[in-house]
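Trainee: Hi! Could you walk me through this structure before lunch?
Mentor: Happy to. Let's open it up and go piece by piece.

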Amino acid sequence: SRAAKRTLAKFVLDFIRGNPVIYDGKALFHADHGNLGYAALSAGAVAAGRLAMLNQPELGSGERLGIGPKSILVSSEQEGPAVDLWARSTNNDKTFVQSLVLDVLPIWYWTDPSDWAMAADPLDIPGLEVGFLDGQEEPEIFVQDMPNVGSMFVADKLTYKIRHIYGGNITDWRAFYKSVVAD
């Protein structure tokens, strides 16, 4: 079940890591979308990314959405520096970025130690949709344990099978921001 959970998480997070071409024929993170940056993780870069998200145009009216990020996604190597952006020194006054209090989400399998991304609250902007076959959101676990059939009969081996069928796609690029830092 843990493997199924990790596989589903990778499926979802690979949309952000891989930057696929989406419904408008452009990459998810694209200059035309206004959601692509190139700055290393810092308070200034987070503030700039937040501003870019706030300035995203509403579909149809073109007015600013005004919805900022809820989470920042970083590689495991960047977790400490990302958390430290919100750490307060001996100064009792919070900086602008410290007042944001974003959820820092370290992504265990991201290998690029420099890139980082931000995502809005999915309740504000559902930027990604995942659907499950027949509504089966939990993995199905099958056990082949009948003593007179299959591997149990032939070699006294208990066999397990997990099935979890799903698909998904980006529904709105305005929910995301990514900074791709040249190494």
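**A chat about contacts, core and surface**

Mentor: Let's start with Pro 139: leaving out residues up to four places away in sequence, Pro 139 touches Ala 4, Ile 162, Arg 163 and His 164. Keep in mind that this is a predicted model.

Trainee: Where does Pro 139 sit?

Mentor: Pro 139 belongs to the loop between β5 (128–132) and β6.

Trainee: And is Pro 139 buried, partly exposed or exposed?

Mentor: Partly exposed, because its relative accessible area is 22%. The cut-off for buried is under 20%.

Trainee: How far apart are the C-alpha atoms of Pro 139 and Leu 102?

Mentor: They are separated by 31 Å, and the two residues are 37 residues apart along the chain.

Trainee: Okay, new topic. What is in the nonpolar patch on the surface?

Mentor: Ile 141, Val 143, Leu 158, Tyr 160 and Ile 162 make up that patch, and together they have about 480 Å² of accessible area. Two elements, β6 (140–144) and β7 (159–163), give two or more residues to the patch. You have already met Ile 162, as one of the residues that Pro 139 touches.

Trainee: Can you pick one patch residue and tell me where it is?

Mentor: Take Val 143, which is in strand β6. Val 143 counts as partly exposed because its relative accessibility is 41%.

Trainee: What about the inside? How many residues does the largest nonpolar core have?

Mentor: That core has 35 residues. Those with the most contacts inside the core are Leu 41, Val 46, Ile 72, Leu 73, Trp 116, Met 118 and Phe 176.

Trainee: Which elements give two or more residues to this core?

Mentor: There are helices and strands to look for: α1 (2–18), α2 (43–54), β2 (71–75), β4 (116–119) and β9 (176–179). As background, nonpolar side chains tend to be buried together in soluble globular proteins.

Trainee: Nice. Now charges! How many salt bridges does the count come to?

Mentor: The count comes to 5 salt bridges. Let's look at some of them, beginning with Arg 17 and Asp 14, whose side chains meet at 3.0 Å, N to O.

Trainee: Which helix are those two in?

Mentor: Both lie in helix α1, 3 residues apart, which is about one turn of the helix. Arg 17 counts as partly exposed because its relative accessibility is 40%. Asp 14 is partly exposed too, with a relative accessible area of 30%.

Trainee: What about Lys 70, which residue does it form a salt bridge with?

Mentor: Lys 70 pairs with Asp 103, and their closest N and O atoms are 2.9 Å apart. This pair links distant parts of the chain, 33 residues apart: Lys 70 is in the loop between α2 and β2, while Asp 103 is in strand β3 (residues 103–107). Lys 70 has a relative accessible area of 36%, so it is partly exposed. Asp 103 is partly exposed as well, at 33%.

Trainee: Got another one for me?

Mentor: Yes, Arg 174 and Asp 172, whose side chains meet in a salt bridge at 2.8 Å, N to O.

Trainee: Why does Arg 174 count as buried?

Mentor: Because its relative accessibility is 8%, and buried means under 20%. Asp 172 also counts as buried, because its relative accessibility is 18%.

Trainee: Where is Asp 172 found, and what else is it in contact with?

Mentor: Asp 172 is in the loop between β8 (166–170) and β9. Setting aside neighbours within four places in sequence, Asp 172 is in contact with Tyr 23, Ile 125, Pro 126 and Gly 127.

Trainee: Last topic: what is the phi of Asn 19?

Mentor: Phi of Asn 19 is near 55°, a positive value in a residue other than glycine. Asn 19 is in the loop between α1 and β1 (36–37), and it counts as partly exposed because its relative accessibility is 26%.

Trainee: And what about Asp 134, where is it found?

Mentor: Asp 134 is in the loop between β5 and β6. Phi of Asp 134 is near 55°, again a positive value in a residue other than glycine. With a relative accessible area of 75%, Asp 134 is exposed, since the cut-off for exposed is over 50%.

Trainee: Thanks, I'll go and find these in the viewer!

How values were computed
Residues are numbered from 1 along each chain as its sequence is written. This is a predicted model: local features need pLDDT of at least 70, side-chain atom pairs count only at pLDDT 80 or more; totals for chains, interfaces and linings use all residues. Side-chain values use heavy atoms; hydrogens and water are left out. Patches are made of residues with over 30% relative accessible area and no salt bridge: like charges are joined within 9 Å, nonpolar side chains (Val, Leu, Ile, Met, Phe, Trp, Tyr) within 5 Å. Accessible areas come from the Shrake-Rupley method with a 1.4 Å probe; for residues, only the protein chains shown count as cover. A salt bridge is a side-chain nitrogen of Lys or Arg within 4 Å of a carboxyl oxygen of Asp or Glu. Helices (H or I, at least four residues) and strands (E, at least two) are DSSP runs, numbered from the N terminus. Buried means under 20% relative accessible area, exposed over 50%, partly exposed in between (1.4 Å probe, protein chains only). A nonpolar core is a set of buried Ala, Val, Leu, Ile, Met, Phe, Trp, Tyr and Cys residues joined through side-chain atoms within 4.5 Å. Contact means heavy atoms within 4.5 Å.
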